[in-house]
Amino acid sequence: MRLDKFLKVSRIVKRRAVAKEIADKGRITINGRPAKSSSEVHVGDEVQITFGNKTLTVKVSQLLDTTKKDDAANMYEILSEKYAQDFKQE
């Protein structure tokens, strides 16, 4: 499955166009290698996404062409969620 489609179907990113833009800016890696929006994602891959202040690392659990909201979270397992700066402490 293409990376941009996986991010959209799993609801990590809301729209496929946004997923494509993030990937094309070099802010996504698959198993430690920079990824394009057209990169293939397989079960067991580790995907790291950098959104501004937040870095999310997930492991792909399953690939589905379409999902309902409740099933989308079963497509991946969150390994880590880091923030470059914690604004909540102030």
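## Exercises on a predicted model

Asp4 lies within helix H1, which spans residues 3-9, and the model in which this helix appears is a predicted one.

**Exercise 1.** Decide whether Asp4 is buried or exposed, and describe which residues surround it.

*Solution.* Begin with the accessibility: the relative value for Asp4 is 3%, and the cut-off for a buried residue is under 20%, so Asp4 counts as buried. Next, list the neighbours, leaving aside residues up to four places away in sequence; Asp4 then touches Arg16, Ala19, Lys20 and Ser37. Finally, look at the polar contacts of the side chain: that of Asp4 meets the side chain of Arg16 at 3.3 Å, and it also makes a polar contact with the side chain of Arg2 at 3.1 Å.

**Exercise 2.** Work out the order of the strands in the sheet, and find which strands form its edges.

*Solution.* The open sheet holds 5 strands, arranged as E2-E1-E3-E4-E5 with antiparallel pairing. Strand E2 (33-34) and strand E5 (76-83) each pair on one side only, and these are the edge strands. Then examine one pairing in detail: strand E1 (residues 28-30) runs antiparallel to strand E3 (residues 46-51), and 3 bridges join the two. In this pairing, Ile28 has Ile49 of E3 as its bridge partner.

**Exercise 3.** Establish which element has the lowest mean pLDDT and which the highest.

*Solution.* Start from the protein chain, whose average pLDDT is 87, with 96% of the residues scoring at least 70. Among its elements, the lowest mean, 82, belongs to helix H3 (residues 69-72), whereas the highest, 93, belongs to E1.

Key
Residues are numbered from 1 along each chain as its sequence is written. This is a predicted model: local features need pLDDT of at least 70, side-chain atom pairs count only at pLDDT 80 or more; totals for chains, interfaces and linings use all residues. Side-chain values use heavy atoms; hydrogens and water are left out. Two strands pair if DSSP finds at least two bridges between them. Helices (H or I, at least four residues) and strands (E, at least two) are DSSP runs, numbered from the N terminus. Buried means under 20% relative accessible area, exposed over 50%, partly exposed in between (1.4 Å probe, protein chains only). A polar contact is a pair of N or O atoms within 3.5 Å; within protein, one must be able to donate a hydrogen and the other to accept it, and residues adjacent in sequence count only if both atoms are side-chain atoms. Contact means heavy atoms within 4.5 Å. pLDDT is the predictor's confidence in each residue, from 0 to 100.
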